[in-house]
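Got your viewer open? Let's take a walk through this model, one selection at a time.

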Amino acid sequence: MRNWGGRVVPFNWRHTVYGYVQICYTPLAQRCYSHGGKPESDEEFDARWVTYFNKADIDAWELRKGMNTLIGYDLVPEPKILEAALRACRRLNDLASAMRILEAVKDKSGPHKKIYPYLIQELRPTLDELGISTPEELGMD
């Protein structure tokens, strides 16, 4: 707590060229829940995202919002989540989003060279069924 201008402010403030800014410190690798409930297990997390992408009335905006949120986590999504997202792309006839999903997963795999080939191996039946080529097959790598 800081006494700033005659009132107690429960934040850390730092003076910069642009004025006072709030300094926020957040712990790394921790899921934050606004409802303060119990931590979510991995199976519950996967089931929540599969259910999200399997919604029959999902639109393009919800698909992009869900993928942006999912990619923002410190993890590489499980193949079953990616399969649900790719099926949502197919329902929307949105090949560009399917390519972006595969590119984002490749980028999230980072320096771990075994993750992306494993995901493509697991997604191969779905990709073939939906008629989606990988970025490597299209020469986009």
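Start in the middle. This is a predicted model, and its largest nonpolar core has 26 residues. To see where the contacts inside that core pile up, select Phe-53, Leu-70, Leu-86, Ile-101, Leu-102, Leu-127 and Ile-132, the residues with the most of them. Now colour the helices: H1 (42-53), H2 (60-72), H3 (79-91), H4 (95-109) and H5 (115-130) each supply at least two residues of the core. Which helix gives the most? That's H3, with seven residues. As background, nonpolar side chains in soluble globular proteins tend to be buried together.

Next, zoom in on Phe-53. What does Phe-53 touch, once residues up to four places away in sequence are set aside? Show Ile-58, Leu-63, Gly-66, Met-67, Leu-70, Ile-81, Ala-84, Ala-85, Ala-88 and Arg-91, and you have the list.

Several of these names come back at the next stop, so keep them displayed. Hide everything but H1 and H3. Their axes are 8 Å apart and meet at an angle of about 5°. Angles under 35 degrees count as roughly parallel, so H1 and H3 are roughly parallel to each other. For the contact itself, select Asp-46, Trp-49, Val-50 and Phe-53 on H1, then Lys-80, Ile-81, Ala-84, Ala-85, Ala-88 and Arg-91 on H3. By type, seven residues of this contact are nonpolar, three are charged and none are polar.

Stay on H1 and click Asp-46, which sits in this helix. Is Asp-46 buried or exposed? Its relative accessible area is 11%, so Asp-46 is buried; the cut-off for buried is under 20%. Beyond its neighbours within four places in sequence, Asp-46 is in contact with Glu-78, Lys-80 and Ile-81.

Last stop: the rings. The structure holds six aromatic pairs. One of them is Trp-49 with Tyr-73, an edge-to-face pair with 6.4 Å centre to centre and 75° between the planes. This pair links distant parts of the chain: Trp-49 belongs to helix H1, Tyr-73 to the loop between H2 and H3, and they are 24 residues apart. Turn on a surface and check each partner. Trp-49 counts as buried because its relative accessibility is 5%, while Tyr-73, at 25%, counts as partly exposed. To finish, select Phe-45, Trp-49, Tyr-52, Phe-53 and Tyr-73 together: ring pairs link them into a cluster.

Notes:
Residues numbered from 1 in each chain as written. Predicted model: local features only at pLDDT ≥ 70, side-chain atom pairs only at ≥ 80, totals over all residues. Heavy atoms only, no water. Core = buried A, V, L, I, M, F, W, Y, C linked by side-chain atoms within 4.5 Å. Buried < 20%, exposed > 50% of the residue type's maximum accessible area, 1.4 Å probe, protein only. Helix = DSSP H or I, 4+ residues; strand = E, 2+ residues; numbered from the N terminus. Contact = heavy atoms within 4.5 Å. Axes fitted to C-alpha atoms, helices over the stretch in contact; angles between N-to-C directions. Parallel < 35°, antiparallel > 145°, perpendicular 65-115°, else oblique. Nonpolar A, V, L, I, M, F, W, Y, C, P; charged D, E, K, R; others polar. Phe/Tyr/Trp six-rings, centres within 6.5 Å; stacked < 30°, edge-to-face > 60°.
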